[in-house]
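Please walk me through this structure in the viewer. Tell me what to select at each stop and what is there.

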Amino acid sequence: MAASLLAALVSCRQEPLPSVVDVPGSARTKVVNLGDEWETSSFLVKFATRPSDAELEDLRFEGVLSMEPLFKSFPGKEDLEREFGLDRWFVVNLEEGAELDGAVSLVAELAQVAVVEYNVIATKASDCKVYPAAEPAAEPATRASASGKFNDPMLPNQWHYYNQGNKSFSAYVARGADVNVNDVWSNLICGDPDIIVAVVDEGVKYDHPDLAENMWVNKGEIPGNGVDDDKNGYVDDVYGYNFNANGPISWNVGYYDGAGYWQGDSGHGTHCAGTIAAVNNNNKGVSGIAGGSGAQDGCKIMSCQIFSGNSGGSTRTVSNAIKYAADMGASIISCSFGYTSAFASDDAYKRAAGSAEIDAVHYFEATRNNPVLDGNIAIFAAGNENHNYAHYPGAFYDIISVSAFGPDFLPTYFTNYGPGCNISAPGGEYYHGVGEKSMVLSTLPKELYKEDYGYMQGTSMACPHVSGVVALALSYAKQLKKTFSRDEFKRMILASVSDIDQRIGAVPSGAKPLNGHENLSMAPYYHQMGTGAIDAWRLMMHIEGLPTLTAQTGRQQWIDLSPAFGTASVSLTYLKVEVPSAAVSSMGLQKVTPPTNTDKYPAVMDEGGYAYVQFGRLYVQPTKIGSGKITITAVGGGDHVGGGSNPPGGMELTQSVSLIAREADGGNGTGGWL
Amino acid sequence: MMKKLLFVLASLALLAGCHEDNPEDLTPAVDVTGSWELSSATTRVMVGGEQVSVYLVFSSSGSFDIYQKIGAGRYTHFTGSYTLNKEEKLLSGTYSDGTKWGPYEAALQGTTLSLNLPGGKEVDSYRKIDAVPESVTGNVY
């Protein structure tokens, strides 16, 4: 075996295989995750069953430098690691000069090999253009900011949290183009230190004056002693770990090129971290969505560094970073990166048998790190190439992927949209005439920009907005002692939105007005920005409980479904309506008159004909006082569900609503009791 | 003389009326002003596990507040104006967005106010309370 492999490798070196598509026969289906750029000195292998040491030794053919487990096993998690096949992944490191494609082709032909994966390089979902911002003089510590609850002096410039329509952000600014978090801060919750968000990105500047207090600290590790005190396989991982350089976290690695331009870290991770949980109400800089109230009650940031300087995060790096987040207690991973290649389906991405990254994400989501959920939540950026599909891994059908809008509440010129994009959030957008103020303001490493704060734009910036809101939501659910399944919670996130499509459809010229993007037609984005714009207040209300809908007896009528699916309910694609016989009996439901205009506006009818959904409305005809539960299924992000061999698509959202039929008309749609 | 007699007869009739045991007149005039809590409703029985909580506040100036929670979540606060036809004891109103409600047949027995749709089967009763609890007014959407 070893001899034949060596021969093949040598011949491959002489005539390199041009790409993975030349892998012969059935072995081709084992090769996954071909990106635009990948490491040439190693690749990843997943075995059908975990090989013994002897079997591994037998596979160490010439040309292979070493073969080692991809993931570090974590004490107590062995069963879960096995469940998701993490114990079967190995890294194959090649000797210098060995030809990668040939090795991949040969290994893929081995019967005991289930998957071979290129070690693809991820890209940051931001153009990494930064506009530093000087911190204004702090206000007196006792005075709250004019624009919100906190006294952080730069909060009034963070339109993305609370947008009151100030035209300095855009001549076409839209009040409410934000995450609607202000009332949540004032009335409900500002964070919880037990909720940890892992920023899988560049290193986070953990001693930043506006982040330090909210950094997660590994209490089992003694800083800087060069010892793996907690024996988790990582030395001195106090605030997280640098998986790229296999060492301490960094945020200012790079060099100036011949033209005097900086090549290296951009502050991307530190910026994302500030959006999630910059320390609030500390009379300093900016606010963070889940940054607490100033009473050391913010959510925590864990830095899982996958980019360093000019070095991109490979599949190996990313997979390990995600597993670390799961093992060390994170409830959310905020992943502002992706792969720019298009894939025809989830199966095409992982070729049915899995990919190391998706296995790691699913392992993360199956890990329980908080008292609210039976799992964790992964959130990805959709990508910045203005493609009409989301980038993987976020495009994977059951992973949340975030598109970006600007302060005009319109899609940004760069955002990816369409299939695989599940929800939207503020990502910022440089506008001519306004400049950087319309971008997202957050924390930065001073070493790079001489300022602690600055503006960036991208779906990279939209992603941490959703991560921050979800962190707040977990904090609030914990406070209320509520529990949910992970999938139930994801559905609530996607249903907690404000409508963005009305704004898109109402653009007078059909193109993005003003601001230097006048030629960008808005039509392609209509119904393509996921379920809508994330709305923190709505999510908190969903956690408190869904309101019950009321109907009047004696007439056919429609009932607005926005309490269940958000104000984007009118734009969603509905798949199914289920009316159980108990509800039919209790309310004396009559068969409804079916709609006639179903060609242009598809309607979904209950099998028994007792209800249908169209335009985000539920049509029923109760004849007597009663109640019942009706279940409605929609698609969150696209017009079809993704997964398997389907083209990239959205996530299935199933909501049960309680319906009460009364004689009173409930204000004829007002919803009032009388 | 005739005029005088008529006056006397009328006075007698009036006096007699004041002392007559007419069952209709035993019902006190309906005064809905004040705060009320939904204490029983046909729907409440029907919906079983669903929690229906409704508070009504009718002010003497003709405005109303409704705090309602149907199912889980917070209270929804509605406002508007109302009128009470005291002769027919019909209560109707207009939400602040202009939507009409009612009329309901209003009946008061002790501290219980019943509001029923004429000819309907739904019976909703409200108990008089001093004020809507702060746990309600401070817990609205």
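Select chain B and colour by secondary structure. From the N terminus, its elements run α-α-β-α-β-β-β-β-β-β-β-α. That comes to 4 helices and 8 strands. Keep in mind throughout that this is a predicted model.

Stay on chain B and colour by burial. Of its 141 residues, 23% are buried. Now show contacts with a separation of 6 or more. In chain B, 40% of these join residues 24 or more positions apart.

Next, move to chain A and select residues 315-327. This is helix 7, with 13 residues. Put a distance between its end C-alpha atoms: they are 18 Å apart. The expected span, at 1.5 Å a residue, is also 18 Å, so the two agree.

Is helix 7 of chain A enclosed or open to its surroundings? Here 13 of the 13 residues are buried, so the helix is largely enclosed by the rest of the structure. Step past the end of helix 7 to A:Gly329. Its phi is positive, near 110°.

Last stop: the interface. Select the residues where the chains touch. You should find 22 residues of chain A in contact with 26 residues of chain B. On the chain A side, highlight helix 14 (536-544), strand 28 (626-636) and strand 29 (651-662); each supplies at least two residues. Strand 29 of chain A gives the largest share, 3 residues. Now colour this side of chain A by residue class. It divides into 8 nonpolar, 11 polar and 3 charged residues.

Notes:
Residues are numbered from 1 along each chain as its sequence is written. Chains are lettered from A and ligands numbered from 1 in the order in which they are written. This is a predicted model: local features need pLDDT of at least 70, side-chain atom pairs count only at pLDDT 80 or more; totals for chains, interfaces and linings use all residues. A residue is buried if 20 or more other C-beta atoms lie within 10 Å of its own, exposed if 12 or fewer, and partly exposed in between; C-beta atoms are placed from the backbone. Two residues are in contact if their C-beta atoms, placed from the backbone, lie within 7 Å. The expected span of a helix is 1.5 Å times one less than its number of residues. Ala, Val, Leu, Ile, Met, Phe, Trp, Tyr, Cys and Pro count as nonpolar, Asp, Glu, Lys and Arg as charged, and the others, Gly among them, as polar.
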